[in-house]
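Thanks for making time this morning. I would like to walk you through one structure, and I will try to go slowly enough that you can follow along on the screen.

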Amino acid sequence: MCDPAKLNSKFSIPGQLDFAVGSHGAVVARVSNALATAEIAKQGAQLLTWAPKGQPAVVWLSQQALFKEGKSLRGGVPVCWPWFGPHPSDSALPGHGYARNREWRVKESGSEGDATRITLFFDPVEAAVPNAVDALLELTFTIGDRLRMALTSTNRGGEPLTISQALHTYFRVGDITDTRVEGLEGKRYLDKVADRVVARQEGDVAIDGEVDRIYIDCPGPVTIVDRRLQRRIRVASRNSRSCVVWNPWAEKGARLGDLGHDGYRRMLCVETANAWEDRVSIAPGASYTLAAEISVAPL
Ligand code: TA6
């Protein structure tokens with residue numbers, strides 16, 4: 001595990017950004033500026049929390065989240081890469097790929113007006129990941145009154161690289177039964193709860209049981225309407241035609257073991273993805289950036 005003191009000497013920004021061992025035992029970058037606060041774990045470049053000033057946390061972290069080397073914490077924004085979901089052909093490989101379970105390194109940090117920017121990178125070949133794809137992965141966060149994330153894959157191999165990926169964002173909601181998702185009406189989705197049947201969304205997405213869906217052909221913004229916390233959370237994606245909506249509900253939530261008692265009621269995943277029919281192929285030497293911008297407004 002990297003020493004926070006070394007990171008501070010190279011990348012801290014007085015009054016905005018420093019590095020420490022966080023409350024969960026992970027080395028984190030801690031951001032606190034005039035616009036927002038956030039924490040990003042070096043393992044997996046996993047954003048753990050983001051709260052614009054004056055707002056309850058928008059990105060949710062389970063109260064039962066426990067840091068363990070090699071396993072992402074429950075909540076925040078795990079990075080699913082270089083595959084989303086189970087490995088296409090080898091079920092022994094970790095779900096959602098290996099990037100979220102590995103130590104990343106800090107590339108640079110800086111200020112953008114009152115916002116704070118930090119870029120981390122992961123080189124699976126340098127990290128000696130078995131059968132690693134020959135690609136460099138970089139994730140830039142811009143932490144302000146909006147949260148911007150840009151995940152860039154650069155293919156260093158001699159053949160096209162096909163990946164699926166997601167910014168697997170857990171959002172804090174007041175109560176899942178008082179929450180709707182707008183912006184997916186009429187879109188086709190793969191329903192992983194109903195045996196991967198393909199269906200079409202009618203109206204807003206309401207959650208009254210386990211929901212695990214990959215929506216397709218949905219490049220537009222998606223909005224979480226939270227009546228309990230009286231706010232709208234807008235998720236605008238770039239270079240993504242697929243969006244994952246997931247809530248485990250009570251029974252699966254209890255089985256996960258790290259969601260906390262009725263934690264399912266206070267979270268909802270709306271994930272900016274390249275998944276299902278939206279896998280991407282990156283030419284040798286080319287780069288591909290999956291990006292999301294999250295903002296909050298009163299209801
Ligand atoms: O994005 C939804 C999903 O694929 C669900 O099927 C569920 O497995 C969730 O991800 C969490 O996965 P994890 O491996 O983090 O427990």
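**Strands, turns and a ligand site**

Let me begin with strand β2, which is joined to strand β3, residues 36-41, by five bridges, the two strands running antiparallel. Please keep in mind throughout that what you see is a predicted model. Within this pairing, Ala-29 has Ile-40 in β3 as its bridge partner, and the two strands make up a hairpin in which three residues lie between them.

On its other pairing, β2, residues 27-32, meets β1, residues 17-21, again antiparallel and again through five bridges. Here Val-21 is the residue that stands opposite Val-27 in β2. β1 and β2 also form a hairpin, this one with five residues between the strands, and in its turn you will find Gly-25 with a positive phi of about 95°.

If you continue along the chain past β3, you come to the loop between β3 and β4, residues 46-52, and that is where Ala-45 is placed. I point it out since Ala-45 has a positive phi, about 45°, although it is not a glycine. A second backbone detail is the peptide bond between Trp-81 and Pro-82, which is cis, with omega at about 5°; Pro-82 belongs to the loop between β5, residues 79-80, and β6.

That brings me to the sheet that β6 belongs to. Nine strands form this open sheet, with antiparallel pairing, and reading across they come in the order β6-β7-β8-β9-β23-β19-β18-β13-β16. Because β6, residues 105-112, and β16, residues 205-206, stand at the edges with a single partner strand each, one side of each of them is left without a neighbour in the sheet. As one example of the pairing inside the sheet, take β7, residues 115-122, and β8, residues 135-143, which are matched in the antiparallel sense over seven bridges, with Phe-122 standing opposite Leu-137 in β8. When you look at strands like these on the screen, it may help to recall that in a regular strand the side chains alternate between the two faces of the sheet.

One further hairpin deserves a mention, namely the one formed by β14 and β15, which has five residues between its strands and, in the turn, Asp-195 with a positive phi of about 55°. Four bridges join β14, residues 188-191, to β15, residues 197-200, in an antiparallel arrangement, and one of the bridge partners is Val-197 in β15, which is matched with Asp-191.

Now to the ligand. Which residues are around it? They are Arg-74, Phe-84, His-96, Arg-100, His-168, Lys-192, Asp-212, Val-244, Trp-246 and Glu-271, a shell that divides into five charged, three nonpolar and two polar residues. The space that the ligand takes is the second largest pocket.

How far are the side-chain N or O atoms of His-96, Asp-212 and Glu-271 from an oxygen atom of the ligand? For His-96 the distance is 2.9 Å, for Asp-212 it is 2.6 Å, and for Glu-271 it is 2.8 Å. As for how much of the ligand is covered, taken alone the ligand exposes 390 Å², and the protein buries 81% of that.

I will stop there and take your questions.

Terms used: Residues numbered from 1 in each chain as written. Predicted model: local features only at pLDDT ≥ 70, side-chain atom pairs only at ≥ 80, totals over all residues. Heavy atoms only, no water. Near = heavy atom within 4 Å. Polar contact = N/O pair within 3.5 Å; in protein donor to acceptor, adjacent residues only side chain to side chain. Areas by Shrake-Rupley, 256 points an atom, 1.4 Å probe, with all protein chains shown as cover. 1 Å grid on protein atoms, 1.4 Å probe; cavity = no way out; pocket = protein on both sides within 12 Å on 5 of 7 lines; lining within 4 Å. Sits in = over half its atoms within 2 Å of the grid points. Nonpolar A, V, L, I, M, F, W, Y, C, P; charged D, E, K, R; others polar. Pairing = 2+ DSSP bridges.
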